[in-house]
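Hello,

I am passing on a structure that you have not worked with yet. Please have it open beside this email while you read.

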Amino acid sequence: MPTIMSGNSVPSENRTTGDHERVDRAEETAFVDSADLFVEKDITKETAVKQKRVWVRLTRLCNQRCTFCLDSWNQNGTMVKASELQAFIRRGYEQGGERLILSGGEATVHPDFLKLCRYGKELGYRWVQTVTNGQMFAYPDFARKAKLSGLDEATFSMHGHDAKLHDRLVGLPGAFDRANQGIRNLQALGGVVVNIDIVINRMNVAHIRDIIDFYMNMGIREFDLLYIVPFGRGFEEYREQLFFNLDDSFEHLQRAFEVSAQPGVYLWTNRFPVSYLEGYEHLIQEPHKLHSEVNGGRHNFDGYLKTGTPPDCYGERCNHCFLNGLCKTTMFRYRTLFLEGTFRRIRIDADRPADWDRAAPRLVNQTPNVVHIEAKTAKAAQQLVSRLPYDDKPLWVAELPVEEVVTLAREPGRFRGLRLKGQRAIEGLLAGVGAEFDRIEVVLNQDVANKLLLPETNTSLEPELKKKLVLVLPNHPYLSESRANDPGVEQLRDLVTAQYRLANVPRCIGGDNATAGDFDEITPQMVGADLHLDTDLYVDRYIEGEYYSKSLRCKDCVVFHECRGLHINYLRNVGLGALKPLFKANN
Ligand code: SF4
Ligand code: SF4
């Protein structure tokens, strides 16, 4: 199957080719290091991540023997037949693929590599890319034919700033010089974007900035820093030589990260621990890349969710694994909650009753604390209640337009809670709407926060109603949505000062009364046709509901062990610096 996923590298419309001017360190002072620059780059990166990419592996062999190769277990010296590859490429295109990525093993050693580039281009892919060790491009004729066959981008895997370091890491004498000749060959032709992947490991961590400088001097402006992962040959054969303590090496990486402040330079990180990126939040890996990571080991995740068989990488590797939060910490917990019926929350959309009917056999045994019904009308919410098996012990929350609250209030039935959105919700509350309910949640955005902070709003709200009011900071799947909608941290703190209760923020922002987010929540959509948790929908749920992080400084905070920190996209929006550890005296 072709693998369709999101990924790194800048969309073609956001960059130029043949960018050959030399960059000297002395020029750096002229560069603008502004928040606007990072916002612009974030937008470009988000556009890249949303682009549909089709990854196709051409070979299970390679002409290098990289020490860190995570694909070594998959290599058996074979090539995939061109006819099969063409079928994959076509299917990927028909499924909406925009960018074709030819990889391996090493893609360029496949005898039909050029033919496949041309095939992809003629089918209609907007962009054809290869991820390569670069050896074949050292042959000028091959580089020329690749360009003529429609290759738009070549991502070179380069791991040293000199031949000694690079050749040692990739296990092939002469590899550095040949790959660099390949880069020069493509640059001389023009029209093919060249960028660099670097695997960060113990041997090169002190030289990442040197590697970037070396290639910037060759005119390259896009770098992807890949954190070493505990899979394949790197963990099995070279663990001691490659794995390192990030605390000891972080200052070297900071030197490298500084490059990202330069206009026109795109730096990405892959699998880099979020807590370490304080001040460099623009480098946090786009959360949807987790889908690509999961696709790479899909049999493991599907297998675990269906049968409970732990992934074949489970064990010592987990301590070094970027997926620990998604996998061992949360996926394992979700399966237990699913089987034991102990999800804390269940959320059901009244507009999608068929989803409930399909998933019901696996959800009727749940004993949630909160049943959250989303509906457009009070009638639809009530109709759904009559079909659900849960009694009146949980808190039943209706999420519906404020205009419908009056109707629901006439006959609230099981509903004791409301979740409302938008400025009209505040106008409704000021008019006394919702007073019959025990808990009224209002989803925050900038306008709602501004309205609530007006002195006349604060004084006009009925004190009894205000006691029931909880302001929920929402989670967004994308950073741009958080930037466009969410209130800033100072606004949140002002709301606390104005005696509002907040949810889904840590105590260092929301104070002692702040409550948790919608953790441990299941929806009928997460249950697949086979009545097991669906892997992709679980990953979406993780990104939107469970992917939180904290600062390294949080380890000093008195509530460290019970605190999840901030949702990943709000954190990318406001920065880890917003978190202020609580000490005994000010707790
Ligand atoms: S956390 Fe999951 S993916 Fe990572 S090594 Fe452990 S079992 Fe494998
Ligand atoms: S652990 Fe971190 S995020 Fe949580 S309250 Fe403390 S400082 Fe804030």
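Below is a short walk through what turned up in it.

A word of caution before the details: this is a predicted model.

**Overall layout**

The protein falls into two parts, domain 1 (3-286) and domain 2 (327-543). Taken over C-alpha atoms, the centres of domain 1 and domain 2 are separated by 41 Å.

**The open sheet**

A good place to begin looking is the sheet made of 8 strands. It is open, its pairing is parallel, and the strand order is β17-β16-β15-β14-β13-β12-β11-β18. Two strands, β17 (501-503) and β18, sit at the edges, and each of them pairs on one side only.

Starting from the β18 end, strand β11 (residues 345-349) and strand β18 (residues 521-522) run parallel and share 2 bridges. To find this pairing on screen, look for Ile346, whose bridge partner in β18 is Ile522. β11 also pairs in the parallel sense with strand β12 (residues 370-374), here over 5 bridges. In that pairing, Arg347 has His372 of β12 as its bridge partner. Helix α14 (residues 353-363) belongs with these two strands: β11, α14 and β12 together make a right-handed β-α-β unit.

At the other end of the order, strand β16 (residues 469-472) and β17 are joined by 3 bridges, again in the parallel sense. Leu471 and its bridge partner in β17, Leu502, mark the spot.

**The two ligands**

What surrounds ligand 1? The shell is made of Phe231, Pro311, Cys313, Tyr314, Arg317, Cys318, Cys321, Asn324 and Cys327. By class, these residues divide into 7 nonpolar, 1 polar and 1 charged.

Ligand 2 has 13 residues around it, and the closest are Cys508, Cys554, Cys557, Cys563 and Pro581. The shell of ligand 2 holds 9 nonpolar, 1 polar and 3 charged residues.

**The second largest pocket**

Rolling a probe the size of a water molecule over the atoms shows where empty space is left. The second largest pocket has a volume of about 1000 Å³. It is lined by 36 residues, and those closest to its centre are Pro273, Ser275, Asn324, Gly325 and Ser549. You have met Asn324 already, as one of the residues around ligand 1.

Which domains supply the lining of this pocket? Both domain 1 (3-286) and domain 2 (327-543) do, with at least three residues from each. As for helices and strands, α13 (325-340), α24 (535-546) and β19 (548-549) each give at least two residues to the lining. The largest share, 5 residues, comes from α13. Sorted by class, the lining has 22 nonpolar, 9 polar and 5 charged residues.

**Two backbone details**

Most residues other than glycine have a negative phi, and most peptide bonds are trans. Two places in this model are worth a look with that in mind.

One is the peptide bond between Gly104 and Gly105, which is cis, with omega about 20 degrees. Gly105 lies in the loop between β5 (99-103) and α3 (113-123).

The other is Asn504, a residue other than glycine whose phi is positive, near 70 degrees. You will find Asn504 in the loop that links β17 and α23 (507-510), and β17 is one of the edge strands of the open sheet described above.

I hope this helps you find your way around. Happy exploring!

Best wishes

Definitions and conventions. Residues are numbered from 1 along each chain as its sequence is written. Chains are lettered from A and ligands numbered from 1 in the order in which they are written. This is a predicted model: local features need pLDDT of at least 70, side-chain atom pairs count only at pLDDT 80 or more; totals for chains, interfaces and linings use all residues. Side-chain values use heavy atoms; hydrogens and water are left out. A residue is near a molecule or strand if one of its heavy atoms lies within 4 Å of it. Ala, Val, Leu, Ile, Met, Phe, Trp, Tyr, Cys and Pro count as nonpolar, Asp, Glu, Lys and Arg as charged, and the others, Gly among them, as polar. Domain bounds come from an automatic or database domain assignment. On a 1 Å grid over the protein atoms alone, a cavity is a set of points where a 1.4 Å probe fits but cannot get out, and a pocket is an open set with protein on both sides within 12 Å along at least five of seven lines; lining residues have an atom within 4 Å of a point. Grid points are joined across faces, edges and corners, and a volume is the space filled by probe spheres set on the points. Helices (H or I, at least four residues) and strands (E, at least two) are DSSP runs, numbered from the N terminus. Two strands pair if DSSP finds at least two bridges between them. A crossover is right-handed if, with the strands pointing away from the viewer, the path from the first strand over the helix to the second runs clockwise.
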